Amino acid sequence: MTAPVSFVHATPEGLPALRVAYERRGAGEPLVLLHGIGHHWQAWEPVLGILAASYDVIALDLPGFGASPALPAGIGYDVPSVVRALAATFKALGVDRPHVAGNSLGGLLALELGREKLVRSVTALSPAGFWTEGERRYAFGVLGAMRAGAKLLPQPVVAQLARTAVGRMALTGSIYARPGRRSPQAVADETRALREATGFAQTLTVGRAGVRFTDDIPDVPVTIAWGSRDRLLPRRQGIRAKHTIPDARLVRLPGCGHVPMSDDPARVARVILDTAR
């Protein structure tokens, strides 16, 4: 797995210090990118160059994912605690109220950051938290199966599978509509990231308690975008999100799956840029 450029040490008020890995490119207003459960900052690689042409882009490995260590004892994986950790990370990185874009779990965190007025704008791509209980159980079942498969398969077998279109579909077809667009190395690296994610089990445990996003976000520009081929969180959840946040812009991403950044990089980047502007 490609090592992130840097680590930052952040200390939420009254809580232990944590260490967060990140990649930073470009210049301008800050734009923070948050990946989904079991993923890593490299999920944003297809759009980083486009975004960095206009913004100071910071792609984080969420605590307990990618190269970021697990949260220290005393900080939980519940949404409010992770948001506090992210706010401290922003401060440590020297950014004040950045724009934020998030996918899946990262989308839920982005919306919560918007609700807390900690960011300038929010772009949420297939955000978690707008499911029915049945939809949540289905999604968690798929994620659990992906995690079990990633832990079961030796890395050389994963690398061999990733070299073929059929293998990439088997490994990542649940989250990408066009897994063939991911390079073999990217698929192998993200499968390893899923296997090694120290925060995966704790995050799912918190989610099983019934995490949902139910509040409006006034006075912050919000875009919610959903892939038309999202197999993990069906796009009907976007309608619920729009009802919850009436002023949000709801955008359809034709032909995109749950993690749309590599399915259609130009379209996803344009949605993020339009929101930030």
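Are Phe130 and Phe213 buried or exposed? I looked this up first in what is a predicted model. Both residues, Phe130 and Phe213, are buried.

**Entry: aromatic pairs**

I searched the whole structure for aromatic pairs and found 2. One of them joins Phe130 and Phe213, with 6.0 Å from centre to centre and 55° between the planes, and I recorded this pair as tilted. I then checked where the two rings sit in the chain. Phe130 belongs to the loop between strand S6 (122-125) and H4, while Phe213 belongs to the loop between H8 and strand S7 (222-227), so the pair ties together parts that are 83 residues apart in sequence.

I turned next to Trp131 and Phe140, which form an aromatic pair of the edge-to-face kind. Their centres are 5.6 Å apart and their planes stand at 90°. I noted that Trp131 and Phe140 are both buried.

**Entry: helices H4 and H8**

How do the axes of H4 and H8 cross, and within what distance do they come? For H4 (residues 133-152) and H8 (residues 200-208), I found that the axes come within 11 Å and cross at roughly 170°. An angle over 145 degrees counts as roughly antiparallel, and H4 and H8 are therefore roughly antiparallel to each other. I entered the handedness of the H4 and H8 crossing as left-handed.

I listed the residues that make this contact. H4 contributes Arg136, Phe140, Leu143 and Arg147, and H8 contributes Phe200, Leu204, Gly207 and Arg208. Sorted by character, the residues of the contact of H4 with H8 comprise 4 nonpolar, 1 polar and 3 charged. Phe140, listed here on the H4 side, is also the partner of Trp131 in the edge-to-face pair.

**Entry: helix H9**

I then examined two residues of helix H9 (residues 236-244), beginning with Gln237. Why does Gln237 count as buried? Its relative accessibility is 0%, and buried means under 20%, so Gln237 falls in that class. With neighbours within four places in sequence left aside, I found Gln237 in contact with Phe130, Trp131, Glu135 and Trp226. Among these contacts, Phe130 is a member of the tilted pair and Trp131 a member of the edge-to-face pair.

Ile239 is also found in helix H9. I recorded 45% relative accessibility for Ile239, which therefore counts as partly exposed. Last, I looked up the separation of Ile239 from Trp226: the two are 13 residues apart in sequence and, C-alpha to C-alpha, 9.8 Å apart in space.

Key: Residues numbered from 1 in each chain as written. Predicted model: local features only at pLDDT ≥ 70, side-chain atom pairs only at ≥ 80, totals over all residues. Heavy atoms only, no water. Axes fitted to C-alpha atoms, helices over the stretch in contact; angles between N-to-C directions. Helix = DSSP H or I, 4+ residues; strand = E, 2+ residues; numbered from the N terminus. Parallel < 35°, antiparallel > 145°, perpendicular 65-115°, else oblique. Left-handed = near helix turned anticlockwise from the far one by under 90°. Contact = heavy atoms within 4.5 Å. Nonpolar A, V, L, I, M, F, W, Y, C, P; charged D, E, K, R; others polar. Phe/Tyr/Trp six-rings, centres within 6.5 Å; stacked < 30°, edge-to-face > 60°. Buried < 20%, exposed > 50% of the residue type's maximum accessible area, 1.4 Å probe, protein only.
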